[in-house]
Amino acid sequence: ADAHQYLLDHYKEFDFIWSSPPCPSHSRVKFSQINRENTKPYYSDMKLYEEILFLDNVFKGRYVVENVIPYYTPLIPAKKRGRHLYWTNFLLPNILSKRDKVSGLISKDDNKAIQNLCDFHDYDFFKYKGSQRRSKMARNLVDYEAGKTIFETALGIIKKQNINQTELF
């Protein structure tokens with residue numbers, strides 16, 4: 001299904017939304033290739049900003065929109081954590097994960113880099129049978145500890161909002 005349309009059609013059904021719109025058109029790596037031979041120029045996909053504006057102005061719950069650090073200054077200010085930007089309507093902790101950063105992301109041996117990412121993410125990317133490059137998919141994942149921290153932060157806010165105060169002291 002089209003996740004962008006699904007968000008528009010179903011946002012009222014949720015208390016918390018995490019969105020991660022396609023990032024290649026915002027990526028510094030892809031932009032650096034634009035002047036190479038046989039590479040067509042492209043427009044950045046504005047669905048990223050459509051979702052941020054929509055969630056910030058229409059959605060009543062908590063949200064986070066995650067994406068890469070773009071090749072341009074973000075059009076809407078975001079919170080930078082690690083290799084990602086986060087747009088939220090709540091405060092994020094400065095440290096999202098205490099796990100060591102993955103090493104060996106760039107290697108002449110792509111399988112070695114993928115193995116490092118398998119170890120870091122506790123997932124065997126070599127089992128993946130889809131059409132995306134394994135290394136690209138593995139590099140773009142948010143550290144699951146960071147995701148858990150973000151979700152628990154939002155959940156704590158939602159729970160606090162739903163408490164009925166019965167006493168003043």
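**Group meeting talk: cores, a buried arginine and two salt bridges**

Let's start with lysine 148, which is partly exposed, with a relative accessible area of 47%. Its side chain meets that of glutamate 152 in a salt bridge, at 3.9 Å from N to O. Glutamate 152 is partly exposed as well, at 45% relative accessible area. The two sit 4 residues apart in helix H6, so about one helical turn separates them. As a reminder, an α-helix has 3.6 residues a turn, so residues three or four places apart point the same way.

Before going on, a word on confidence. What you see is a predicted model. The mean pLDDT of the chain is 84, and 88% of the residues reach 70 or more. Among the elements, helix H3 has the highest mean pLDDT, 96, while helix H2, residues 28–32, has the lowest, 70. Please keep in mind that where pLDDT is low, the predicted coordinates should not be read in detail.

Back to the charges. How many salt bridges does a search of the whole structure find? There are 2. Besides the pair in H6, aspartate 143 and arginine 99 meet through their side chains at 3.0 Å, N to O. This pair links distant parts of the chain, 44 residues apart: aspartate 143 is in the loop between helix H5 (134–140) and helix H6 (144–161), and arginine 99 is in the loop between S4 and helix H4 (110–121). Aspartate 143 counts as buried, at 12% relative accessibility, whereas arginine 99, at 23%, counts as partly exposed.

Now for a residue I enjoyed looking at: arginine 81, in strand S3, residues 79–81. Arginine 81 is buried and has no salt bridge. Which side chain of opposite charge is nearest to it? That is aspartate 143, 12 Å away. What the arginine 81 side chain does reach is the backbone oxygen of proline 93, at 2.9 Å. Leaving aside neighbours within four places in sequence, arginine 81 is in contact with Tyr86, Leu92, Pro93, Asn94 and Leu96.

Let's move to the nonpolar cores. The largest one has 15 residues, and Ile17, Leu48, Leu55, Val65 and Trp87 have the most contacts inside it. Helix H3 (47–57), strand S2 (62–68) and strand S4 (84–88) each supply at least two of its residues. H3 gives the most, with 5 residues. Apart from this core lies another, of 11 residues, including Phe16, Val64, Tyr86 and Ile158. You may recall Tyr86 from the contacts of arginine 81.

Staying with H3, its buried residues are Leu48, Tyr49, Glu51, Ile52, Phe54 and Leu55. They pack against helix H1 (3–10), S1, S2 and S4. Take leucine 48: not counting residues up to four places away in sequence, it touches Pro21, His26, Val65, Asn67, Tyr72 and Trp87.

On the S1 side we find serine 19, in the strand that spans residues 16–19. Is serine 19 buried or exposed? With a relative accessible area of 8%, serine 19 is buried. Beyond its sequence neighbours up to four places away, serine 19 touches Glu51, Val64, Val65 and Glu66. Of these, Glu51 is one of the buried residues of H3.

Last stop: proline 22, in the loop between S1 and H2. Proline 22 counts as exposed, at 51% relative accessibility. Its C-alpha atom is separated by 7.9 Å from that of aspartate 45, 23 residues apart along the chain. Thanks, everyone!

Conventions
Residues numbered from 1 in each chain as written. Predicted model: local features only at pLDDT ≥ 70, side-chain atom pairs only at ≥ 80, totals over all residues. Heavy atoms only, no water. Core = buried A, V, L, I, M, F, W, Y, C linked by side-chain atoms within 4.5 Å. Buried < 20%, exposed > 50% of the residue type's maximum accessible area, 1.4 Å probe, protein only. Contact = heavy atoms within 4.5 Å. Lys, Arg positive; Asp, Glu negative; His and termini not counted. Salt bridge = Lys/Arg side-chain N within 4 Å of Asp/Glu carboxyl O. Polar contact = N/O pair within 3.5 Å; in protein donor to acceptor, adjacent residues only side chain to side chain. pLDDT = per-residue confidence, 0-100.
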